[in-house]
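Got your viewer open? Keep the selection box handy, and let's go for a walk around this one.

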Amino acid sequence: MLILALESSAKAASVALCRDGVLIAQSQQCSGLTHSCTLLPMAEQMLKNTDTKLAEVDAIAVARGPGSFTGVRIGVSTAKGLAWGAQKPAIGVSTLEAMTRGAAYADGLYCACMDARKQQIYNAVFSLQAGKLTRLTDDRAIAIDALVPELSEGAGPIYLLGDGAKLVSDTLAGSGLPLILLPEQLRQQRASGVALCAMDRMLAGDPGDAAALTPNYLRMAQAERTRQNNQDFYLKK
């Protein structure tokens with residue numbers, strides 16, 4: 001099973017090509033350019049470098065959120081366009097699950113964290129035991145302090161990953177929790193994790209309907225919240 005994966009949910013963008021769970025190639029860029037300028041050219045160059053035609057790919061995979069509203073939208077749109085053009089399945093996976101799938105290496109709890117601003121994070125918690133990764137929570141937007149009671153129930157190390165991991169580590173430094181901040185190279189989102197999650201989904205029977213693929217923002221964008229507040233204000237007058 002050959003999967004082309006895209007990850008553009010945060011500041012860095014990456015693409016990966018995986019066959020049956022084995023990484024063939026991966027490219028990452030964090031140059032400050034918008035993902036609309038980097039994501040598709042990276043994918044095209046990677047396919048060229050590996051002498052792979054898009055027609056040979058079995059599916060297109062993408063991190064569908066949560067994350068940056070613009071980044072997630074660009075990733076999903078690019079995946080849908082590639083899938084429709086090549087008549088391939090398109091598999092959307094959780095950004096939080098993909099980053100954990102690509103980084104989990106030792107038994108313990110994995111707390112995936114993306115900075116959602118205003119002392120909140122996009123978060124999900126997973127457990128790795130004997131090589132099996134188990135989801136313990138849904139993807140959610142949560143206050144950092146609200147993690148403490150939940151994480152206190154577990155035993156063993158708690159690994160923090162994602163672009164909000166350092167913020168969580170600093171905020172909860174005095175909580176007494178056995179927090180371990182993963183190294184920078186492990187806690188970043190990577191397209192290879194997206195490919196691994198997509199392979200699991202396809203093996204479980206996900207048809208990869210590109211038309212049904214939509215972003216998962218978890219909450220409204222600031223502009224939408226402002227508009228909603230303005231509407232509520234005028235309705236109350």
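Before the first selection, one term: a residue is called buried when its relative accessible area is under 20%, and exposed when that area is over 50%. Also bear in mind that what you have on screen is a predicted model.

**Stop 1: helix 7**

Select residues 191-203, which make up helix 7. With 13 residues at 1.5 Å a residue, helix 7 should span 18 Å, and its end C-alpha atoms sit 19 Å apart, so the two values agree. Now colour by burial. Which residues of helix 7 are buried? They are Ala 191, Ser 192, Gly 193, Val 194, Ala 195, Leu 196, Cys 197, Ala 198 and Met 199. To see what these buried residues pack against, switch on strand 1 (2-7), strand 2 (13-19), strand 3 (22-29), strand 4 (59-63), strand 5 (90-93) and helix 3 (95-103). Past the end of helix 7, click on Gly 205, which follows the helix and has a positive phi, near 105°.

**Stop 2: Gln 189**

Step back to Gln 189, in the loop between helix 6 (184-187) and helix 7. Buried or exposed? Gln 189 counts as buried, because its relative accessibility is 8%. Show its contacts, skipping neighbours within four places in sequence, and you should find Glu 7, Ser 9, Ala 10, Ser 14, Gln 28, Thr 95, Met 99, Met 114 and Asp 163.

**Stop 3: Gly 65 and Pro 66**

Next, select Gly 65, in the loop between strand 4 and helix 2. Pro 66 is found in that loop between strand 4 and helix 2 as well. Zoom in on the peptide bond joining Gly 65 and Pro 66: this is a cis bond, with omega about 5°. Gly 65 is buried, since its relative accessible area is 1%. Which residues does Gly 65 touch, leaving aside neighbours within four places in sequence? Look for Val 72, Val 93, Ser 94, Thr 95, Asp 139 and Asn 216. If you like distances, draw one from the C-alpha of Gly 65 to that of Gly 75: they are ten residues apart along the chain and separated by 9.4 Å.

**Stop 4: helix 2**

Carry on into helix 2, residues 69-86. How does its length check out? The 18 residues of helix 2, at 1.5 Å a residue, should span 26 Å, and the end C-alpha atoms are 26 Å apart, so that agrees. The buried residues here are Gly 71, Val 72, Ile 74, Gly 75, Val 76, Thr 78, Ala 79, Lys 80, Leu 82 and Ala 83. Turn on strand 1, helix 1, strand 4 and strand 5 to see what is included in the cover over those buried residues. Gln 87 follows helix 2, and its phi is positive, near 55°.

**Stop 5: where helix 1 meets helix 2**

Keep helix 2 on screen and add helix 1, residues 35-49. Two packed helices are described by the angle between their axes and the distance between the axes. Here the angle is about 35° and the axes are 10 Å apart. Helix 1 passes helix 2 in a right-handed crossing. Show side chains for His 35, Ser 36, Leu 39 and Leu 40 in helix 1, which meet Gly 71, Ile 74, Gly 75, Thr 78 and Leu 82 in helix 2. Sorted by class, this contact has four nonpolar, five polar and no charged residues.

**Stop 6: a pair of cysteines**

Now pick Cys 111 and Cys 113. Why is there no bond from the sulfur of Cys 111? Its closest cysteine sulfur, in Cys 113, is 3.7 Å away, which is too far for a bond, as a disulfide needs the sulfur atoms within 2.5 Å. The disulfide count comes to zero. Cys 111 counts as buried, because its relative accessibility is 0%. Cys 113 is buried too, with a relative accessible area of 0%.

**Last stop: two positive phi angles**

Finish with Asp 51, in the loop between helix 1 and strand 4. Asp 51 is not a glycine, yet its phi is positive, about 55°. At 65% relative accessibility, Asp 51 counts as exposed. Then jump to Lys 118, in the loop between strand 6 (108-115) and strand 7 (120-129). Lys 118 is not a glycine either, and has a positive phi of about 55°. With a relative accessible area of 67%, Lys 118 is exposed.

Note on methods
Residues are numbered from 1 along each chain as its sequence is written. This is a predicted model: local features need pLDDT of at least 70, side-chain atom pairs count only at pLDDT 80 or more; totals for chains, interfaces and linings use all residues. Side-chain values use heavy atoms; hydrogens and water are left out. Helices (H or I, at least four residues) and strands (E, at least two) are DSSP runs, numbered from the N terminus. The expected span of a helix is 1.5 Å times one less than its number of residues. Buried means under 20% relative accessible area, exposed over 50%, partly exposed in between (1.4 Å probe, protein chains only). Contact means heavy atoms within 4.5 Å. Axes are lines fitted to C-alpha atoms, for helices over the stretch in contact, and angles run from 0 to 180 degrees between N-to-C directions. A crossing is left-handed if the near helix is turned anticlockwise from the far one by less than a right angle, and right-handed if clockwise. Ala, Val, Leu, Ile, Met, Phe, Trp, Tyr, Cys and Pro count as nonpolar, Asp, Glu, Lys and Arg as charged, and the others, Gly among them, as polar.
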